[in-house]
Amino acid sequence: MTDVNTVIQQTFKTLVFSGFLSLTAHTALAQSSNPLDQFRKSNADNGQSPTQQVPARPVVSMHNNQLPPPTIGGTQQGGLQQSAINQALQNYNLDGGMSLEERQAETERMAREAAFEATMNGAFPLKPEEIMDILDRYRDIREASESRIGGAPKPEITMQSVSLDPGSLPPVIQLSPGYVTTLNIVDMTGQPWPIQDLSWGGNFEIIQPKEGENIVRISPMKAHEVGNLSIRLLDLKTPVIFSLSTQLEKVQYRFDAQIPEYGPYAETPLIDNGPSITSAQAGGEDILRILDGTPPAGAKKLNVEGADGRTIAYDLGGQTYVRTPLTLLSPGWSNSITSADGTNVYIINKSPVLLLSDNGKMTRAMIEYN
């Protein structure tokens, strides 16, 4: 970028050179006869005197290239002193010893540079780092304005047994705006239970399942919305009812609803010990929590050897709860429950040895009781 002091110096030199040319023309005019003297002489020959005596203007002489001294209280007659002009021209000519054409070319170059800088400053008044600061501020403001109130909700995957008793309350499905909750309906053996039709109330977007499917996807349209969902299952006379609740703090990504009945695709158990346990029966809530992966506070985890980490045992209330994806062959269990993904929970009496079937392969597991 051209230095501002250099531009000012070059402009001053140009003005000095122009003043010198004007001074030369003014001096040449001063050497000629004064028109006022001719006017007074003409009036004297005619015997007339002028009404106002105008003093004769002194003739400026350029003898020996000397200028008259400046008048007191006024500007200098004839412009600048010759010595000052010569000094200015000498300083100007000493700057590189440029000729007139070179000085003109240099002046045009500086003018173009100054015009280019002015155009750039007008079109792009901000520096790159200033533009980056503005973009960072815009990003922060947009993120703050578009952020979800309270942040992301806490995700959960829940399995719950649905009671068909007339006096029971329907299970509540926790929804959250911007998230899809998948409702998976299975029977007591963990097999899918097909849906015939469904209907709902409230401002929700619900995708109708295809024929033979058991999955319903629900999305709330408002941040605080309530409603309910009525589902008619295949070969089940009683409709299944769910309450829908929308909130910002928690969302159930998947809700596995287990119907305590044998569905159309139920698998016959190897050992039939009667119906699986429901939430209304003794220990129903405990077995559901163990199946859900959140055992009760009083459950004590036992050490299991001979099986992989998928088989877990708990001691709760003098009974043993075995959570495993395998099929328990021995000992006999008093109650059991199966999730949609094939995970089983068996309630047995204290037994140090378990016989399990892993797709037809016999597995022996040992439980250590302290």
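In which loop does Asp-235 lie? Asp-235 sits in the loop between E7 and E8, and we will come back to it after a look at the whole chain.

This is a predicted model, in which local features need pLDDT of at least 70 and side-chain atom pairs count only at pLDDT 80 or more, while totals for chains, interfaces and linings use all residues. Residues are numbered from 1 along each chain as its sequence is written, and side-chain values use heavy atoms, with hydrogens and water left out.

**The whole chain**

The chain has six helices and 17 strands. Both are DSSP runs numbered from the N terminus: helices are H or I with at least four residues, and strands are E with at least two. Of the 370 residues, 30% count as buried. Here buried means under 20% relative accessible area, exposed means over 50%, and partly exposed is in between, with a 1.4 Å probe and protein chains only. A contact means heavy atoms within 4.5 Å. Among contacts between residues at least 6 apart in sequence, 61% join residues at least 24 apart.

**The core**

In soluble globular proteins, nonpolar side chains tend to be buried together. A nonpolar core is a set of buried Ala, Val, Leu, Ile, Met, Phe, Trp, Tyr and Cys residues joined through side-chain atoms within 4.5 Å. The largest one here has 22 residues, and Leu-183, Ile-185, Ile-218, Leu-229, Ile-231, Leu-233 and Phe-242 touch the most other members. Strands E2 (172-175), E3 (181-186), E4 (195-201), E5 (204-207), E6 (215-220), E7 (226-233), E8 (240-246) and E9 (250-258) each supply at least two residues of this core.

Not counting residues up to four places away in sequence, Ile-218 touches residues including Ile-173, Phe-204, Leu-229 and Leu-244.

**Two buried residues**

Ile-195 belongs to strand E4. With a relative accessible area of 6%, Ile-195 is buried. Beyond its neighbours within four places in sequence, Ile-195 is in contact with several residues, among them Ile-185, Pro-209, Ile-231 and Leu-233. Ile-195 and Leu-234 are 39 residues apart in sequence, and their C-alpha atoms are 5.8 Å apart in space.

Gln-252 has its place in strand E9. Its relative accessible area is 5%, so Gln-252 counts as buried. Leaving aside neighbours within four places, Gln-252 is in contact with Glu-156, Thr-158, Val-172, Ile-173, Gln-174 and Thr-181.

**Backbone surprises in loops**

Most residues other than glycine have a negative phi, and most peptide bonds are trans. Two residues have a positive phi although neither is a glycine:

| Residue | Phi | Loop | Relative accessible area |
|---|---|---|---|
| Asp-235 | about 65° | between E7 and E8 | 64%, exposed |
| Asn-359 | about 55° | between E16 (353-358) and E17 (361-368) | 81%, exposed |

The peptide bond from Ser-330 to Pro-331 is cis, with omega near 0°. Pro-331 lies in the loop between strand E13 (327-330) and strand E14 (335-338).
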